[in-house]
Amino acid sequence: MIAGILGAGIVPRWVTVPWPTLIPALRKACAFNHTVAAADCFSFHGQWPTDEREQFGADMRIVPQFIDQNEEGRLMDEIDPYLRRLRYEFDHWDDAIHGYRETERKHWQPANRAILDRIAADAFNGNAMPYVHVLDLAEEGVIKPHVDSVRFCGSTIAGISLLSDSVMRLVRTNDEEQTNEEYRQIFSQHQDAKYWADVLLPRYSLYVMRDTARYKFTHEILSNAESVFRQREIRKTRRVSIICRNEPE
């Protein structure tokens, strides 16, 4: 990753770049086009079959700098007063999330509706569900590995990351495996037989997950105890994601 950014001419080749300085440079490099984003925001582990890795690259996409700081501020101004009236929860119906609060919202201020329309145009050809999911994850919160239920939305979800960088891990799974604590034990005990991707979700970025990335891989947001990307610690603070979905088929 550093070599790619150096090669792009962002910093001189002889400079040792600390990670806090590298993150903005990475965002700038990734923002050139989606191909660079795929190269610099993904870290693959294990023995991936070539066809699956290619399909994963098509079904999991990151768009860094999808919004800017001012747009983030306008979104938070609209949703934060309501979120702060809620308590962070540490129980979830399928044990997938700890340290979270959430809401769904249909009506938005015009400037923020324009951002959501951009998400819909990028990820859904303009056809997203009217209700938008807002998920607020505390600094100590985690999203455990799980596979999304097909009951609640269609083949694609797309979310923008506010307030913090984070690392999402997607691990190839099989239908017969569980996605709860038993699954975590399977991964820890048989990691050498697994293949997975760690995906950097920079602040202000958009991620788009569809098809195989959603249903053949568990996904999770790593806790700060595990939050490492390419041997660099990524400190997650409070993270708010605004998530759009399409209708179930």
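Is Trp-48 buried or exposed in this model? Trp-48 is buried, with a relative accessible area of 12%. The model is a predicted one, and it holds 8 helices and 12 strands. Here is a friendly tour of its cores, its aromatic rings and a few residues worth a click in your viewer.

**Overall picture**

- The protein has 249 residues, and buried residues make up 52% of them.
- Its accessible surface comes to about 12,300 Å², and carbon and sulfur atoms account for 48% of that area.
- Contacts often reach across the sequence: among those between residues at least 6 apart, 83% join residues at least 24 apart.

**Nonpolar cores**

- In soluble globular proteins, nonpolar side chains tend to be buried together.
- The largest nonpolar core here has 27 residues. Within this core, the residues that touch the most other members are Phe-56, Met-60, Ile-62, Met-168, Leu-170, Val-199 and Tyr-207.
- Several strands each supply at least two residues of this core: β2 (60-63), β3 (97-105), β4 (132-146), β6 (166-172), β7 (196-201), β8 (206-210) and β9 (217-221).
- Another core, of 24 residues, lies apart from the largest one. Its members include Ile-67, Ile-79, Trp-108 and Val-134.
- For a view from inside the largest core, try Val-199. Leaving aside neighbours within four places in sequence, Val-199 is in contact with Cys-41, Phe-42, Met-60, Ile-62, Ser-166, Val-167, Met-168, Leu-170 and Phe-229.

**Aromatic rings**

- A search of the whole structure turns up 8 aromatic pairs.
- One of them is the stacked pair of Phe-42 and Phe-44, with 6.1 Å from centre to centre and 15° between the planes.
- The two partners sit in unlike surroundings: Phe-42 counts as buried at 4% relative accessibility, whereas Phe-44 counts as partly exposed at 24%.
- Trp-48 and Tyr-195 form a tilted pair, 5.1 Å centre to centre with 55° between the planes.
- This tilted pair links distant parts of the chain, since its partners are 147 residues apart. Trp-48 belongs to the loop between β1 (42-45) and α4 (50-59), and Tyr-195 to the loop between α7 (181-189) and β7.
- Why does Tyr-195 count as buried? Its relative accessibility is 13%, and buried means under 20%.
- One aromatic cluster gathers Phe-42, Phe-44, Trp-48, Phe-56, Tyr-195 and Phe-217. Phe-56 is also among the residues that touch the most other members of the largest core.

**Charges over rings and a polar contact**

- The charged end of Arg-53 sits over the ring of Phe-44, at 3.9 Å from the ring centre.
- Arg-105 places its charged end over the ring of Trp-108, 5.5 Å from the centre. Trp-108 is one of the members of the 24-residue core.
- Arg-61 is found in strand β2, and at 17% relative accessibility Arg-61 counts as buried.
- Which residue does the side chain of Arg-61 join through a polar contact of 2.6 Å? The partner is the side chain of Asp-122.

**Residues with positive phi**

- Gln-65 has a phi near 55°, a positive value in a residue other than glycine. Its place is the loop between β2 and α5 (69-83), where Gln-65 is partly exposed with a relative accessible area of 38%.
- Tyr-204 is not a glycine either, yet its phi is positive at about 80°. Tyr-204 lies in the loop between β7 and β8 and is buried, with a relative accessible area of 9%.

**Far in sequence, brought together in space**

- Ile-97 lies in strand β3 and is buried, with a relative accessible area of 9%. Ile-97 and Val-142 are 45 residues apart in sequence, while their C-alpha atoms are 5.9 Å apart.
- Gln-109 belongs to the loop between β3 and α6 (110-124) and is partly exposed, with a relative accessible area of 44%. Gln-109 and Glu-78 are 31 residues apart in sequence and 7.7 Å apart from C-alpha to C-alpha.

Technical notes
Residues numbered from 1 in each chain as written. Predicted model: local features only at pLDDT ≥ 70, side-chain atom pairs only at ≥ 80, totals over all residues. Heavy atoms only, no water. Core = buried A, V, L, I, M, F, W, Y, C linked by side-chain atoms within 4.5 Å. Buried < 20%, exposed > 50% of the residue type's maximum accessible area, 1.4 Å probe, protein only. Helix = DSSP H or I, 4+ residues; strand = E, 2+ residues; numbered from the N terminus. Contact = heavy atoms within 4.5 Å. Areas by Shrake-Rupley, 256 points an atom, 1.4 Å probe, with all protein chains shown as cover. Phe/Tyr/Trp six-rings, centres within 6.5 Å; stacked < 30°, edge-to-face > 60°. Lys NZ or Arg CZ within 6 Å of the ring centre and 35° of its normal. Polar contact = N/O pair within 3.5 Å; in protein donor to acceptor, adjacent residues only side chain to side chain.
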